[in-house]
Amino acid sequence: MNILTGESLGKSFSEKSLFEGISISLQKNQKSALIAANGVGKSTLLRILAGKETADSGKVSIRNSVTMGYLEQEPALDSNSGIMEVIFESSSPVLKALGRYESLIDLGELADKNELQETIDLIDSLGAWDHESKAREILSKLGIQDLDRTIGTLSGGQKKRVALARLLVEEPDLLLLDEPTNHLDLDMIEWLESYLGKLNKTILLISHDRYFLEGVCDTILELTPDRLYSYQGDYAYFLEKKDEREFREGREIDKANNLLRTELEWMRRQPKARSTKQKARIDSFYDLEKKAGSAKTEDKMQITMQMSRMGSKILELENVCKELGGRKLIHDLSHVFKRGEKIGIVGKNGSGKSTLLNMIMGLVKPDAGRIRAGETMKFGYFSQEGLKLPADKRVIEVARDIAEYIETGNGNYMNVTKFLEHFRFSPSNQYNFVSKLSGGEKRRLQLLTVLLQSPNFLILDEPTNDLDIVTLNLLEEFLIGYEGCLLLVTHDRYFMDKLVDHVFVLTDGGKVLDIHGNYSTYRDAINNFEKKSIKQDEAPLVNDTRNRNRKEKLSYKEQQEYQSLEVEISNLENEKIQLENKMSDTSSNPDEIHKTSLRYGDVCKLIDDKTTRWLELAERAS
């Protein structure tokens, strides 16, 4: 059943046309991803479908009684409202009743007792208590623990997570999600992927996370300036069919080019008589010209750059420690980097990933320990904020300020304009001013300014943000051929899996675990443990970075702790199940449900902490 239709939609800004003649249809329970190059108008199309923006042409129709929820990249929330107030802001009678209950509870002794009782009775009659427990569970999964805070005290990322939680609690018939995984750590992304995958609702989302697309979506919609292509399948199926389509189109374009040469000769003769037949032929010529001009100019070559010379000493971290606000971020980290080593860094939001990178770059001092870099090391550092670019300069001028030519791995030299073309800055775009670039284009140029310096040690902090999938593929190919060291922080699991050979995991206590393999290797180990199937001979997968070449035996006290942790974690898992059942019991007392939901959050955190400790001891016990 069709629940939303967009017909012949078009949108332009100033002189730039984003798309024209686009038609889209969403079916009940269909889960679709909207994919396009930067600047084509994905977010704009989503806003038009959500009714937040008006199309220049065409119309949007939505079936009667269908409810819709829209998650913006930067949601606008009332700064003075509490978290639970925002969650229950809705036209839904259930959520309105719960919102009123939360407001009365916040008043404490000042609350009108009769009004409170009437609200409780209404919630009972609606069978709505499970919505409150569901809200608290979703907020806990998204890392929002202190529910007494107001929106104005939250960071931008926390605000987006609250807005996402509100949408998941409300459960409209149609969810429009613009980059829902932004500001989520890897655990949150995997939880959301599983949640949406099981949700029987219609979803249209924008995301560059390819694992997320694969896990959630059954339809891929590819947006181009003049057409929307639909692929009924997951992301892997989309890649296969897109390649087949472009191959067919390539043959059609070759044929069009051959015919165009004949037609061009005819047009140059400038026929004076304009009969209907000749007019049709002229129109056909322009159609052919358009098709021939649509040939793919995507650069398929691989580029390897000649990096600065690297000596025998690269980078050494010796017993590095860092605390922030009395909390240990990094505790006793030691590691000697080897030539060509590619390491990914993972951890929850706020665990210290960016702090570690800033310490290596000398922007933040460690509280203890030493960081020593070799004399020949030339770092290239791309931070989350990116480099500031001069708005009054053209793209080519920004690049030439760094290098006119780039030495490639085979000893040849490449003009900087060719390098920019490879990363999808066409010759005409290279003369655009920085101020005219889209957010994704600026991000791409910022990254290229780091690569152009030919560093032998790359440090990349969330380089994939705002990059489209085509650019991500080009960057992956470049980094796979990169012969220097790479230290990478990213929430893009696919990107990390393709590039790194081992992973640093930052734990809550500041301990840094070293996982041999990529991100999926680490997740497999965790999943195996959660299924109670980790064997002793699998435990050496996890290594403390200080002890890669030396094993330390467990003390008697640690052996006792190790043996008791499995029992404790198992008991906590059982308690978690019991709490979930208790929260879903609508006959429970409201105060009891509230206490249960608080305990549920504590139990989830205890399981995480004890699992991390068990993994540390398991390696040494082996």
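**View 1. I120 sits in helix α4 (residues 113-126).** Helices here are DSSP runs of H or I with at least four residues, strands are E runs of at least two, and both are numbered from the N terminus. I120 counts as buried because its relative accessibility is 16%. Buried means under 20% relative accessible area, exposed means over 50%, and partly exposed lies in between (1.4 Å probe, protein chains only). R100 is 20 residues away from I120 along the chain, and their C-alpha atoms are separated by 9.7 Å.

This is a predicted model: local features need pLDDT of at least 70, side-chain atom pairs count only at pLDDT 80 or more, and totals for chains, interfaces and linings use all residues. Residues are numbered from 1 along each chain as its sequence is written, and side-chain values use heavy atoms, with hydrogens and water left out.

**View 2. Helix α5 (residues 129-141) agrees with its expected span.** The expected span is 1.5 Å times one less than the number of residues. For the 13 residues of α5 that gives 18 Å, and the end C-alpha atoms are 19 Å apart. Which residues of α5 are buried? They are W129, E132, S133, A135, R136, I138, L139 and S140. Just after α5 comes G143, with a positive phi of about 80°.

**View 3. K11 and E53 form a salt bridge.** Side chains of opposite charge can pair when their charged atoms come close. A salt bridge is a side-chain nitrogen of Lys or Arg within 4 Å of a carboxyl oxygen of Asp or Glu. The structure holds 26 salt bridges. In the K11 and E53 pair, N to O is 3.8 Å. This pair links distant parts of the chain, 42 residues apart: K11 is in strand β1 (residues 2-13), and E53 is in the loop between α1 (42-49) and β4 (57-62). K11 counts as buried, at 9% relative accessibility.

**View 4. R493 forms a salt bridge with E190.** Their closest N and O atoms are 3.9 Å apart. The pair links distant parts of the chain: R493 in helix α16 (residues 493-499) and E190 in helix α7 (residues 186-198), 303 residues apart. R493 counts as buried because its relative accessibility is 5%.

**View 5. K498 and E476 meet in a salt bridge.** Here N to O is 3.3 Å. K498 is in helix α16 and E476 is in helix α15 (residues 469-480), 22 residues apart, so this pair too links distant parts of the chain. Are these two side chains buried or partly exposed? K498 is partly exposed, at 38% relative accessible area. E476 is buried, at 0% relative accessibility. Elsewhere, salt bridges that share partners join D187, E190, E193, D209, R493 and R523 into one network.

**View 6. N29 and E179 have positive phi values.** Neither N29 nor E179 is a glycine. Phi is about 65° for N29 and near 50° for E179. N29 is in the loop between β2 (16-27) and β3 (31-35). N29 counts as partly exposed, at 36% relative accessibility. E179 lies in the loop between β6 (174-178) and α7. E179 is buried, with a relative accessible area of 9%.
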